[in-house]
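Here are my notes for your first look at this one. Have the sequence and the model open side by side and take the points in turn.

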Amino acid sequence: MENFEQRQHGERAILVSVSVQLLDDLDAEEFRLLAQSAGAEILEHVSVQRQKPDPKFFIGSGKVEEIAELVRALDAELVIFDHSLSPAQERNLEKVLKCRVIDRTGLILDIFALRARTHEGKLQVELAQLKHLSTRLIRGFTGNLEQQKGGIGLRGPGESQLETDRRLIRVRITQLKDKLIKVQQTRLQGRAARQKAAIPTISLVGYTNAGKSTLFNILAKSDVYAADQLFATLDPTLRRLEWDGIGTVVLADTVGFVRNLQHDLVESFKATLEETLEATLLLHVVDSSSPNMPEQIEAVESVLKEIGVDAPILHVYNKIDLSGDTAKITYKAPELPDRVYLSAHSGQGLDLLSQAVQQCLMGQLQQFDLVLKPAYGKLLTQLYTLNVIQSEHYDDEGDLHLSVCIAPHKLEQLIKQAHLPLDEIVGAKSFLFHRVLEEFESKEE
């Protein structure tokens, strides 16, 4: 059997896009970007149309011979198909083409392997790769996989090399799942601590290359890797920040989605997407300049539905500097924003994003009338820093009367940190005072 060793990235590749009437058509430009993100040197891009996939080659035998001629003429090392191939189809194609063949899933896994940086990300990638490889062991590691082990000390019934490889992969998959469970438990502890402190989590989701990491860096004043390429960010990143008008929030950046992402890949990266499951609000970042914007939105919403997300969603239409849209907020109901148009690159509309996020979280925000004595300067400074003061005036006794819009838990936290009397600041008749009093009494009981 032919055995094609995998070389370094930068292989000379021929791309094959197949439009199948019974399957969803794929985006040829996205396919090229995926191949380029994996480091392939694209020699030729072949388009094929079929009524239905061929069981043996996925495409017709005539087209296979045509691609084989291209492989020989261009000295190609790799042929990449923009569809999922069965293990048998890959083997049959390699026999005829005399070079390595990978499908869309193998290509995405290769990009994931390039992008993974954190321990969790590397575990997720290895798990997904092993699951994919376990169905393709027939062309595997060393020599004839059906050869029985033998020799001094190894004689006996033994097992085939293929069975050994399968067993080793099953063991490694079990180990990886155990490690990911521990990672998940650590993440759950951190999430439980945030929920106990009533800190909202805002998660950025979206199609790959929509600009999530660029927006994340601006909001969190961070330096997460961002580039104009698919899957520039693979690992989940969380930052705690003080957002004007809202207070302390945790901002989460997640892996980008693509169309036709296989279920196994979604499953393998579920732990990465768990911050999305528990988010208070999702910011669905959309590339408004993409000609395939509707399909990309549908792909993201499909994955969110698959993993069971039910958090409210605010659509952020990014890259208006390229699409020609103007910065604005649109509403699906009074005071309930649906879309924000902005450019993370130029900064247009970022103030509107803050306004829309405040309105989306209005169920958690309350209007409070506060009275601050002159000695309460520290609390006043913190309120100014959060930019939550809506109006202010002094009375005849020199006390400062403020109208603020802030989350109750945040106001309570600030007052406690300053060791100030809650009833004097918000009034003994206020909702906040009675809620804190009830909590105190229940703890005493």
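1. A quick definition to begin with: a residue counts as exposed when its relative accessible area is over 50%, as buried when that area is under 20%, and as partly exposed in between. Keep in mind too that this is a predicted model.

2. Start with His 419, in the loop that joins helix 14 (408-417) to helix 15 (422-426). Buried or exposed? His 419 has a relative accessible area of 72%, so by the over-50% cut-off this residue is exposed. Its backbone deserves a look as well: phi is positive, about 55°, although His 419 is not a glycine.

3. That backbone feature turns up again at Lys 98, where phi is positive at about 60° and the residue is, once more, not a glycine. You'll find Lys 98 in the loop between helix 3 and strand 4 (100-102). As background, most residues other than glycine have a negative phi.

4. Now for the aromatic rings. How many aromatic pairs does the structure hold? There is one. The partners are Tyr 317 and Tyr 341, with ring centres 4.9 Å apart and planes at 25°; planes under 30 degrees apart count as stacked, so this pair is stacked.

5. Where do the two tyrosines come from? Tyr 317 belongs to strand 9 (residues 313-318) and Tyr 341 to strand 11 (residues 336-341), so their pairing ties together parts that are 24 residues apart in sequence. Tyr 317 has a relative accessible area of 6% and is therefore buried. Tyr 341, at 8% relative accessibility, counts as buried too.

6. Stay with Tyr 341 a moment longer, since a lysine joins the scene. The charged end of Lys 328 sits over the Tyr 341 ring, 4.9 Å from the ring's centre.

7. Next, a pair of helices. Helix 2 (residues 61-74) and helix 3 (residues 87-97) have axes that come within 9 Å of each other and cross at roughly 50°. With that angle, the two helices are therefore oblique to each other. As for handedness, helix 2 passes helix 3 in a right-handed crossing.

8. Try the loop between strand 2 (41-50) and helix 2, where Gln 51 lies. Its relative accessibility is 56%, so Gln 51 counts as exposed. Measure along the sequence and Gln 51 is 31 residues from Val 20, yet their C-alpha atoms are 5.6 Å apart in space.

9. Helix 6 (residues 161-196) contains Lys 179. At 36% relative accessibility, Lys 179 counts as partly exposed. From C-alpha to C-alpha, Lys 179 is 7.9 Å from Leu 123, while 56 residues separate the two in sequence.

10. His 119 is in helix 5 (residues 119-133). With 54% relative accessibility, His 119 counts as exposed. Its C-alpha atom is separated by 9.2 Å from that of Val 183, and the two residues are 64 apart along the chain.

11. Last, an annotation to check against the model. Which residues does UniProt mark with the feature "binding site"? The unreviewed entry places it at Ser 213 and Thr 233. In the model, Ser 213 is found in helix 7 (residues 212-220). Its relative accessible area is 8%, so Ser 213 is buried.

Terms used: Residues numbered from 1 in each chain as written. Predicted model: local features only at pLDDT ≥ 70, side-chain atom pairs only at ≥ 80, totals over all residues. Heavy atoms only, no water. Phe/Tyr/Trp six-rings, centres within 6.5 Å; stacked < 30°, edge-to-face > 60°. Helix = DSSP H or I, 4+ residues; strand = E, 2+ residues; numbered from the N terminus. Buried < 20%, exposed > 50% of the residue type's maximum accessible area, 1.4 Å probe, protein only. Lys NZ or Arg CZ within 6 Å of the ring centre and 35° of its normal. UniProt positions renumbered as here; feature names shortened; annotations may be inferred. Axes fitted to C-alpha atoms, helices over the stretch in contact; angles between N-to-C directions. Parallel < 35°, antiparallel > 145°, perpendicular 65-115°, else oblique. Left-handed = near helix turned anticlockwise from the far one by under 90°.
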